[in-house]
Amino acid sequence: MTRAELSAQILQKQSYLCVGLDADIDRLPRHLLDKEDPVFEFNKAIIDATKDLCVAYKPNLAFYEALGSKGWESLRKTLEYIPDEHFTIADAKRGDIGNTSRLYAQAFFGEMGFDAVTVAPYMGVDSVKPFLEFEGKWVILLALTSNKGSQDFQFDQQENGQPLYEKVMRKAQEWGTPGNLMYVVGATHPEKFKEIREIAPDHFLLVPGVGAQGGDLEALTRHGANADVGLLVNSSRGIIFAGEGEDFAEKARSAAQALQTSMAALLQNL
Ligand SMILES: O=C(O)c1cc(=O)[nH]c(=O)n1[C@@H]1O[C@H](COP(=O)(O)O)[C@@H](O)[C@H]1O
């Protein structure tokens, strides 16, 4: 999907919501567990309930890989079920020496058909570039993550006083463009969004951490939006596990609707 197509979806739906399909088998509603493929049944119901409210879906691979070949099959069926107009993100946090990265890219883009994959920057240019070489596909590079451990390395001062996450963001702009590179910036750092926009004015940001991790949608939108909106805000548990019973999909819809309504209001005031 191109940047223009993604932006058009955002404006049309008045939503920059990404629903995280982190289908933890231990948290699925009990009545699904005797189905042949509980994970797919769960995702299918969540997609049906939220597809008009969001522009992207992000399955985190851990929840599928943990189930072995059955999990990969649930993921494949889920991807097939997601309507074409949605942006799909493989949250796999990959990155390795060049020939290995090339095959990771082949797996997620070529074989599975995702639009984007999350990539770790630690191994540098030759670990990231193979993903960027896929026409029409996206790298979403970890920059400033939402978790507590983001304090361990990402704020470390470099020679010129800039924090490591800033170095990552600036360096990666030599590798990719706003048409094939996004950054992960956690919603739990709302005070950083203004500065992040100075470092990368045009790139889309994938922003996890709203919902279960307590991120502030209003603050990150006020400081993080650009002329094309430039944000994909993810919520996983806060939407998909909003309910636990037979009405889980309705509860998920209500949670997604609440976020979309806030987003629409914020977009009016940009
Ligand atoms: O790359 C990610 O998506 C990601 C980066 C980050 O800094 N923090 C973060 O929480 N994530 C992912 O975003 C999702 C957040 O889930 P919830 O906290 O349940 O909304 C999980 O799939 C995480 O792996």
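The exercises below, each with a worked solution, concern a predicted model. Residues are numbered from 1 along each chain as its sequence is written. Because the model is predicted, local features need pLDDT of at least 70 and side-chain atom pairs count only at pLDDT 80 or more, while totals for chains, interfaces and linings use all residues.

**Exercise 1. The annotated domain**

Task: State which residues UniProt lists for the domain, and describe that span in the model.

Solution: The unreviewed UniProt entry lists residues 16-252 as "domain: Orotidine 5'-phosphate decarboxylase"; UniProt positions are given in the numbering used here, feature names are shortened, and annotations may be inferred rather than shown by experiment. Turning to the model, the span is 38% helix and 16% strand, and its end C-alpha atoms lie 17 Å apart. Helices (H or I, at least four residues) and strands (E, at least two) are DSSP runs, numbered from the N terminus.

**Exercise 2. Two residues with positive phi**

Task: Locate Gln-14 and Lys-93, and decide whether each is buried, exposed or partly exposed.

Solution: Begin with the general expectation that most residues other than glycine have a negative phi. Gln-14, although not a glycine, has a positive phi of about 50 degrees, and it lies in the loop between α1 (3-13) and β1 (17-20). Lys-93 likewise has a positive phi of about 50 degrees without being a glycine, but its place is in strand β3 (residues 87-94). For the second step, a residue is buried if 20 or more other C-beta atoms lie within 10 Å of its own, exposed if 12 or fewer, and partly exposed in between, with C-beta atoms placed from the backbone. Gln-14 is partly exposed because 17 other C-beta atoms lie within 10 Å, and Lys-93 is partly exposed because it has 16. Finally, the unreviewed UniProt entry carries the annotation "active site" at Lys-93.

**Exercise 3. Helix packing**

Task: Determine how α5 is oriented relative to α6, and α2 relative to α4.

Solution: Axes are lines fitted to C-alpha atoms, for helices over the stretch in contact, and angles run from 0 to 180 degrees between N-to-C directions. Helix α5 (residues 98-111) and helix α6 (residues 125-132) have axes 8 Å apart and pack at an angle of about 30 degrees. These two helices are therefore roughly parallel to each other, since angles under 35 degrees count as roughly parallel. For helix α2 (residues 38-50) and helix α4 (residues 69-81), the axes come within 9 Å and cross at roughly 20 degrees, which makes α2 roughly parallel to α4. As for handedness, α5 passes α6 in a right-handed crossing (the near helix is turned clockwise from the far one by less than a right angle), and α2 also passes α4 in a right-handed crossing.

**Exercise 4. The shell around the ligand**

Task: Identify which residues come nearest to the ligand, and how the shell divides by residue class.

Solution: Of the 20 residues around the ligand, those that come nearest are Asn-60, Thr-145, Pro-208, Ser-236 and Arg-237. The elements giving two or more residues to this shell are β8 (231-235) and α11 (237-240). By class, the shell holds three nonpolar, 14 polar and three charged residues.

**Exercise 5. Distances to Met-169**

Task: Find how far Gln-268 and Ala-120 are from Met-169, C-alpha to C-alpha.

Solution: Gln-268, in helix α12 (residues 248-268), is 99 residues from Met-169 along the chain, and their C-alpha atoms are separated by 29 Å. Ala-120, in the loop between β4 (116-119) and α6, is 49 residues from Met-169 in sequence and 12 Å away in space.

Technical notes. Near = placed C-beta within 6 Å. Nonpolar A, V, L, I, M, F, W, Y, C, P; charged D, E, K, R; others polar. Parallel < 35°, antiparallel > 145°, perpendicular 65-115°, else oblique.
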